[in-house]
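Reader: I have a model open and want to learn how to read its pockets and its sheet. Where do we start?

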Amino acid sequence: MTQQVSIGGLVTGIGSWPGTDARESAATILGELGGFPHLVELPARGLGADTVGRTGAILVDINLDASTRSYRVVPRRGNIAKRAEDFLNQDLDALEEAWEAARLVGRDHVIKLQAAGPLTLGAEIEVANGSRVLVDRGALRDIAESLGEGLARHAAEVTRRTGARVIVQLDEPQMTAVLAGSLPGRTRMESVPALPEPEALAILDSAIEGCGLPTIVHSCSADLPWDLLRRSKASAVSFDLSLISSRDLDGIGQLFDAGKQLALGLVPSTAPEKPLTWKECAMPAVTLIDRLGFSRELLQTQVAVTPRCGLAGAGLDYARTALKVCTDVSKALVDDPSAF
């Protein structure tokens with residue numbers, strides 16, 4: 001049985017970060033997010049460092065190479081796969097170095113690892129004929145199983161290097177499109193049928209159960225499938241609160257009722273026109289709880305604070321500012337949520 005880890009009252013990033021310097025980035029994340037740091041993703045390094053290419057370095061017995069449109073499953077490990085693995089190893093080395101420099105030891109600490117979720121991999125990766133993996137149910141199941149096993153190995157390596165416990169975040173930006181059947185095919189004449197929700201749930205849970213770790217499912221998309229997320233094996237759900245409308249409230253309330261933890265994206269991922277204040281960023285979380293009719297104590301026990309999405313598109317100075325504001329927001333929500 002998966003051991004659950006509470007993220008209530010904590011602060012973390014989504015995963016991506018500006019720049020290309022792994023060591024500087026790891027040191028910054030540990031400095032800003034010492035209570036709940038994450039392994040940094042640096043997509044500015046190019047192919048193999050983006051979410052899907054990086055996840056390819058985690059998959060077991062499945063090799064990816066770049067195609068004209070995305071990534072494709074190939075029989076043998078090529079240069080792109082080697083590049084992705086090199087980037088991942090660089091990031092692990094940087095994390096270990098920063099961890100030792102900060103003198104963090106013991107299993108009281110938690111690290112978050114990110115990977116593309118199986119539904120998004122199914123949407124983004126092609127099989128040999130150029131179709132999305134999504135249209136080949138057997139290949140989709142293989143991807144989910146490979147991902148679960150790979151994440152278990154990846155987490156074990158991080159624990160070996162740091163001694164910390166691991167939480168996994170599955171990034172599912174394509175989840176809504178997969179369920180809606182809105183993904184384009186190879187040609188105008190080809191369609192990609194919607195994946196029925198029961199099958200989507202089984203695929204998602206296969207990866208979660210395969211890794212055997214507390215798992216956050218994250219998406220920055222609108223119109224999330226709240227009932228699927230509630231019924232999933234995920235221990236937490238992460239989303240951009242600015243995209244939520246009144247039609248989402250019942251589904252979010254049911255997540256709380258089911259005991260799911262929520263990581264709320266409250267701070268803009270790119271610099272706004274006016275300087276941020278922690279209070280204006282915190283208020284949507286308070287308003288959400290009030291509209292749902294729950295006690296504000298849930299903000300202390302069942303809610304974590306994050307930026308709205310990854311910070312790779314932000315300047316370095318603003319990315320640091322965003323994490324500082326997240327920390328201020330969380331402190332206010334934890335210290336006295338009734339004060340708002």
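Author: Start with the second largest pocket of this predicted model. To read a pocket, look at what lines it. Here the lining holds 16 residues. Gly56, Ala57, Ile58, Leu59 and Glu85 lie nearest the centre.

Reader: Which elements give two or more residues to that lining?

Author: They are β1 (63-66), α3 (79-101) and α5. Helix α3 supplies the largest share, five residues.

Reader: What volume does the second largest pocket have, and how does its lining divide by class?

Author: The volume is about 250 Å³. By class, eight lining residues are nonpolar, four are polar and four are charged.

Reader: Now the largest pocket. How many residues line it, and which lie nearest its centre?

Author: Read it by the same steps. The lining has 21 residues. Nearest the centre of the largest pocket are Ser16, Glu41, Thr51, Asp171 and Cys309. Its volume is about 300 Å³.

Reader: Which elements each supply at least two residues there?

Author: Helices α2 (51-56) and α4 (118-124) do, and so does strand β6 (215-219). Then take the classes: nine nonpolar, seven polar and five charged residues make up this lining.

Reader: β6 is a strand. What is the order of the strands in its sheet?

Author: For a sheet, take the order, then the sense of pairing. The order is β3-β5-β6-β7-β8-β9. These six strands form an open sheet, and the pairing is parallel.

Reader: Why is one side of β3 and of β9 left without a neighbour in the sheet?

Author: Both stand at the edges. β3 (110-116) and β9 (303-307) each have a single partner strand, so one side of each stays without a neighbour in the sheet. Next, check the twist. Neighbouring strands are turned by 25° against each other on average, direction ignored.

Reader: Take the β9 edge. How many bridges pair it with β8?

Author: Five bridges, in the parallel sense. Strand β8 covers residues 261-267. One residue pair to find on screen is Val267 with its bridge partner in β9, Pro307.

Reader: Which helix packs on the sheet touching β8 and β9?

Author: That is α12 (residues 316-335). Its direction makes about 160° with that of β9.

Reader: And which helix lies across β3 and β5?

Author: Helix α5 (residues 137-162) lies there, with β5 spanning 165-171. It runs at about 150° to β3. You have met α5 before: it also gives two or more residues to the lining of the second largest pocket.

Conventions: Residues numbered from 1 in each chain as written. Predicted model: local features only at pLDDT ≥ 70, side-chain atom pairs only at ≥ 80, totals over all residues. Heavy atoms only, no water. Pairing = 2+ DSSP bridges. Helix = DSSP H or I, 4+ residues; strand = E, 2+ residues; numbered from the N terminus. Axes fitted to C-alpha atoms, helices over the stretch in contact; angles between N-to-C directions. Contact = heavy atoms within 4.5 Å. 1 Å grid on protein atoms, 1.4 Å probe; cavity = no way out; pocket = protein on both sides within 12 Å on 5 of 7 lines; lining within 4 Å. Points joined across faces, edges and corners; volume = space filled by probe spheres on them. Nonpolar A, V, L, I, M, F, W, Y, C, P; charged D, E, K, R; others polar.
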